[in-house]
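Trainee: I would be grateful for a close look at one part of this structure, with an account of how that part fits into the whole. Please take me through it step by step.

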Amino acid sequence: MANNNDTLQAIKKATISHLAEIRALKQKLIDFQNQVEQKDNELIKAQKEIIKLKEQLKAD
């Protein structure tokens, strides 16, 4: 019976370890998504500025 208990304890440790890895990866993904969103916002801002400058050139 001790063998089964040892096996269950090993499975429990591995599961806890995997859950911790999953949480860490999930946080990395969230951080990456936030970086992408920030860069996307910067790109949109730059595109608006380009449009504004093109309109100024046409007006000149």
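**A nonpolar patch and its surroundings**

Mentor: Leu29, Phe32 and Val36 together make a nonpolar patch of about 290 Å² on the surface. Please keep in mind throughout that the model is predicted.

Let us begin with one member of this patch. Val36 belongs to helix α1, which covers residues 2-59. Its relative accessibility is 42%, so Val36 counts as partly exposed; the partly exposed class lies between the limits of 20% for buried and 50% for exposed.

From Val36 we may turn to a charged pair in this helix. Lys39 and Glu42 both lie in helix α1, 3 residues apart, which is about one turn of the helix. Side chains of opposite charge can pair when their charged atoms come close. Here Lys39 forms a salt bridge with Glu42, and their closest N and O atoms are 3.7 Å apart. That separation falls within the 4 Å allowed for a salt bridge, and the count for the model comes to 1 salt bridge. The two partners fall into separate accessibility classes: Lys39 is exposed, with a relative accessible area of 54%, whereas Glu42, at 39%, counts as partly exposed.

Two further residues help to show how the helix extends. His18 lies in helix α1 and is partly exposed, its relative accessible area being 47%. Between His18 and Ile50, 32 residues apart along the chain, the C-alpha atoms are separated by 47 Å. Leu19 also lies in helix α1, and with a relative accessible area of 39% it is partly exposed. Its C-alpha atom is separated by 16 Å from that of Ile30, 11 residues away along the chain.

We may now place these details in the whole chain. The secondary structure comes to 1 helix and 0 strands. The radius of gyration is 26 Å, well over the 10 Å that the globule rule gives for 60 residues, so the chain is more spread out than a compact globule. Its C-alpha trace spans about 90 × 10 × 5 Å along the principal axes.

The surface completes the picture. Of the 60 residues, 0% count as buried, a class that requires a relative accessible area under 20%. The accessible surface of the chain comes to about 6000 Å², and 60% of this belongs to carbon and sulfur atoms. As for charge, the chain has 11 positive and 9 negative charges, and their mean positions are 4 Å apart.

To return to your request, the part we examined is a surface patch made by Leu29, Phe32 and Val36, in a chain whose secondary structure comes to 1 helix and 0 strands.

Key. Residues numbered from 1 in each chain as written. Predicted model: local features only at pLDDT ≥ 70, side-chain atom pairs only at ≥ 80, totals over all residues. Heavy atoms only, no water. Helix = DSSP H or I, 4+ residues; strand = E, 2+ residues; numbered from the N terminus. Rg over C-alpha atoms; globule rule 2.2 N^0.38 Å. Buried < 20%, exposed > 50% of the residue type's maximum accessible area, 1.4 Å probe, protein only. Areas by Shrake-Rupley, 256 points an atom, 1.4 Å probe, with all protein chains shown as cover. Lys, Arg positive; Asp, Glu negative; His and termini not counted. Charge placed at Lys NZ, Arg CZ, Asp CG, Glu CD. Patch = residues over 30% accessible without salt bridge, like charges linked within 9 Å, V, L, I, M, F, W, Y side chains within 5 Å. Salt bridge = Lys/Arg side-chain N within 4 Å of Asp/Glu carboxyl O.
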